[in-house]
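Me: I am new to this structure and would like a close look at one part of it. Please start from a single residue and work outward from there.

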Amino acid sequence: MKPLKSYLFAALAATLLPLLTSCLSDNDDDVVTYRALTQQEKSTILFNMAGDYSGKAFFINNEQKDDSLVINYSISSSDSVLTITDFDMKMLEQPAKIGSEAMSQIVGNAGKTQLRLVLHPYFNTAIGEGYYTFTYSNDNPTTHTYNDGETDHSIAITMAASVDINLSEGIRRYYSMGEYYKKKMQMNLVFKSLMVDGQQFSINAIVGVSATQL
């Protein structure tokens, strides 16, 4: 198994996950039987994934600006929670233009916030080799407030299990999922909508994360 490849941009994740799973099999004709994880398997996976991570978050930016930023997070095995301590709202500045230029500016100037995700590991044929796959949930909108010196602003972030994005080759669906192997981890952060100062609008945005366990 080759090490996990870093994101070139967020869109790579949708095809990367099945490719990495298949390359761990010695027999291309193997029939994979999927099943629920045992409690022991789930506990082992979360124990091995627990800890602090540091890496980069990659996002779509059609302007002459940075399209990646440093990101840090931690995983707790006791409650399966992944906490991003420094999610920079600039990652959603470009998608927020769907609302308006004013909304985009408010989001881009919002600074950093915290995102909490609940991890849900699922079965694959290589878990015994330390290759783990997971989905995550974020059931309640993450609310971030700040004052720009004159006005109080409130931003609510709603994530989703999947979003459909219209690309040049057609509509493509992206899922809230990720993978871990040999202290390397990557995942999609899937954003459905924003509510900025009481006005809600869909953004259907993806942020790709590639990080190393410290």
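In which strand is Ser-193 found? Please describe its surroundings, and then how that part sits in the rest of the protein.

Reply: Ser-193 is found in strand β11. The model is a predicted one, and the distances below are computed from it.

Start with the residue itself. Ser-193 has a relative accessible area of 4%, and the cut-off for buried is under 20%, so Ser-193 is buried. The side chain of Ser-193 makes a polar contact, at 3.2 Å, with the side chain of Gln-200. Leaving out residues up to four places away in sequence, Ser-193 touches Gln-200, Phe-201, Ser-202 and Ile-203, and also Ala-156, Ile-157 and Thr-158. Strand β12 covers residues 199–213 and strand β7 covers 152–159.

The next residue to look at is Leu-194. Beyond its neighbours within four places in sequence, Leu-194 is in contact with Ile-155, Ala-156 and Ile-157, and with Gln-199, Gln-200, Phe-201 and Ile-203. Its list also includes Leu-92, Ala-96 and Val-107. Leu-194 is among the residues with the most contacts inside the largest nonpolar core, a group of 52 residues. Met-185, Leu-189 and Phe-191 are named there as well, together with Met-49, Tyr-73 and Ile-155.

Val-107, one of the contacts of Leu-194, leads to a helix. Val-107 is buried in helix α3, which spans residues 101–108. Met-103, Ser-104, Ile-106 and Gly-108 of this helix are buried too. The buried residues of α3 pack against β11 (184–196), β12 and β7, and also against β6 (142–147).

Now follow β11 back to its start. Lys-184 lies in β11, and at 37% relative accessibility it is partly exposed. In sequence Lys-184 is 131 residues from Tyr-53, yet the two C-alpha atoms are 9.0 Å apart in space.

Tyr-53 also appears in the surroundings of Gln-213, a residue of strand β12. Gln-213 counts as buried because its relative accessibility is 8%, against a limit of 20%. Two backbone oxygens lie by the polar atoms of its side chain: that of Ala-50 at 2.8 Å and that of Asn-48 at 3.1 Å. Not counting residues up to four places away in sequence, Gln-213 touches Asn-48, Met-49, Ala-50, Gly-51, Asp-52 and Tyr-53, as well as Tyr-180 and Lys-183. Met-49 is thus a contact of Gln-213 and one of the core residues with the most contacts.

Tyr-180 offers a way to other strands. Strand β10 covers residues 177–181, and it pairs with β5 in the antiparallel sense over four bridges. Within that pairing, Thr-133 stands opposite Glu-179. Strand β5, residues 132–137, is mostly covered, with five of its six residues buried. β5 also pairs with strand β4 (residues 112–122), again antiparallel, over five bridges. There Leu-119 stands opposite Tyr-136.

Another pairing involves β8 (residues 162–167) and β9 (residues 170–175), which run antiparallel and are joined by six bridges. A hairpin of two residues connects them, and Asp-164 stands opposite Arg-173.

One residue outside the strands can be set beside these. Asp-67 is found in the loop between β1 (51–59) and β2 (68–76). At 42% relative accessibility, Asp-67 is partly exposed. Asp-67 and Met-91 are 24 residues apart in sequence, while their C-alpha atoms are 7.9 Å apart.

As for the whole, the protein has three helices and twelve strands. Of its 214 residues, 46% count as buried. Among contacts with a separation of 6 or more, 61% come from residues 24 or more positions apart. The protein exposes about 11,200 Å², with carbon and sulfur atoms supplying 50% of that.

Finally, confidence. The average pLDDT is 84, and 82% of the residues score at least 70. Over residues 1–29 the pLDDT is below 50, although this stretch has 50 contacts in the model beyond near neighbours in sequence. Confidence is lowest in helix α1 (residues 13–22), with a mean of 39, and highest in β7, at 97. Ala-156, Ile-157 and Thr-158, which Ser-193 touches, have numbers that fall within the 152–159 range of β7.

Terms used
Residues are numbered from 1 along each chain as its sequence is written. This is a predicted model: local features need pLDDT of at least 70, side-chain atom pairs count only at pLDDT 80 or more; totals for chains, interfaces and linings use all residues. Side-chain values use heavy atoms; hydrogens and water are left out. A nonpolar core is a set of buried Ala, Val, Leu, Ile, Met, Phe, Trp, Tyr and Cys residues joined through side-chain atoms within 4.5 Å. Buried means under 20% relative accessible area, exposed over 50%, partly exposed in between (1.4 Å probe, protein chains only). Contact means heavy atoms within 4.5 Å. A polar contact is a pair of N or O atoms within 3.5 Å; within protein, one must be able to donate a hydrogen and the other to accept it, and residues adjacent in sequence count only if both atoms are side-chain atoms. Two strands pair if DSSP finds at least two bridges between them. pLDDT is the predictor's confidence in each residue, from 0 to 100. Accessible areas come from the Shrake-Rupley method with a 1.4 Å probe; for residues, only the protein chains shown count as cover.
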